[in-house]
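The following exercises concern the architecture of a single protein chain. Each task is followed by a solution worked step by step.

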Amino acid sequence: MPHRTEDGFAEPRVIGMLRRAVEMAKLAVKGEPVNGRRWRRPKRECPPWCAQNHTCTARSGYPSGEHRSPITTRTHRWGRSTATRVQHVEGRAWLSSNISVELSSDPLLAAAQAGFVHLAVEHAVSATLGELEEAAIRVACVAGAALPPGRSA
Ligand SMILES: [Zn+2]
């Protein structure tokens, strides 16, 4: 009769479970899945700007994966800003940016600061993107490329 442990398992079964746990741990250390199934999606190449670490969900082949750059953080006299470049595996790309602005302790001034800073950020982004688009059109004209519909040089 096999010896029973406190859990009620026969010792040979417990030993078998431990052996299996050790094998699973070895596979996990090697980066293999522990459920015995292999990940079948093809791994993707990261663009050079991608951090290529745990923040990149595209490398493992997730259908909704995103490449993410290292986070750029700057400290200013008014607060802090962060920015991350992101690109979905299907190509759409964007900049994810966050600013933290210290506001006045005066509630009225704080409300004005919050509203104006938000407007100023929106204006700065619009102006910057507009200037970049105009510069791209000028470069395209010099290169002899066709202008997009509705645009003139
Ligand atoms: Zn990546």
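**Exercise 1. Identify the bridge partner of H67 in β3, and place the pair in its strands.**

Solution. The residue in β3 that forms a bridge with H67 is Q87. The model used here is a predicted one. H67 belongs to strand β1, residues 66-68, and Q87 to strand β3, residues 79-88. These two strands run antiparallel and are joined by 3 bridges.

**Exercise 2. Describe how β2 is paired, and decide whether β2 is buried or in the open.**

Solution. Begin with the partner strand: β2, residues 72-76, pairs with β3 in the antiparallel sense, over 5 bridges. Next, set out individual positions. T72 has A83 as its bridge partner in β3, and T73 stands opposite T82 of that strand. The connection follows: β2 and β3 form a hairpin, with 2 residues between them. For burial, the criterion is 20 or more other C-beta atoms within 10 Å of a residue's own. The number of buried residues among the 5 of β2 is 0, so the strand lies largely in the open.

**Exercise 3. Characterise the pairing of β3 with β4 and the turn that links them.**

Solution. Strand β4 covers residues 93-101 and runs antiparallel to β3, to which 9 bridges join it. One position that illustrates the register is S81, which stands opposite I99 in β4. The hairpin of β3 and β4 has 4 residues between the strands, and in this hairpin G91 takes a positive phi near 115 degrees. As a point on side chains, those of a regular strand alternate between the two faces of the sheet.

**Exercise 4. Test whether the length of α2 agrees with the expected helical rise, and assess its burial.**

Solution. Helix α2 comprises 37 residues, 107-143. The expected span is 1.5 Å times one less than the number of residues. For α2 this gives 54 Å, and the end C-alpha atoms are 54 Å apart, which agrees. Turning to burial, 0 of the 37 residues of α2 are buried, so the helix lies largely in the open. After the helix comes G144, with a positive phi near 85 degrees.

**Exercise 5. Summarise the order of elements and the overall burial and contact pattern.**

Solution. Count the elements: there are 2 helices and 4 strands. Read from the N terminus, their order is α-β-β-β-β-α. Then consider burial: of the 153 residues in the protein, 5% are buried. Finally, take the contacts with a separation of 6 or more; residues 24 or more positions apart account for 6% of these.

Technical notes: Residues are numbered from 1 along each chain as its sequence is written. This is a predicted model: local features need pLDDT of at least 70, side-chain atom pairs count only at pLDDT 80 or more; totals for chains, interfaces and linings use all residues. A residue is buried if 20 or more other C-beta atoms lie within 10 Å of its own, exposed if 12 or fewer, and partly exposed in between; C-beta atoms are placed from the backbone. Two residues are in contact if their C-beta atoms, placed from the backbone, lie within 7 Å. Two strands pair if DSSP finds at least two bridges between them.
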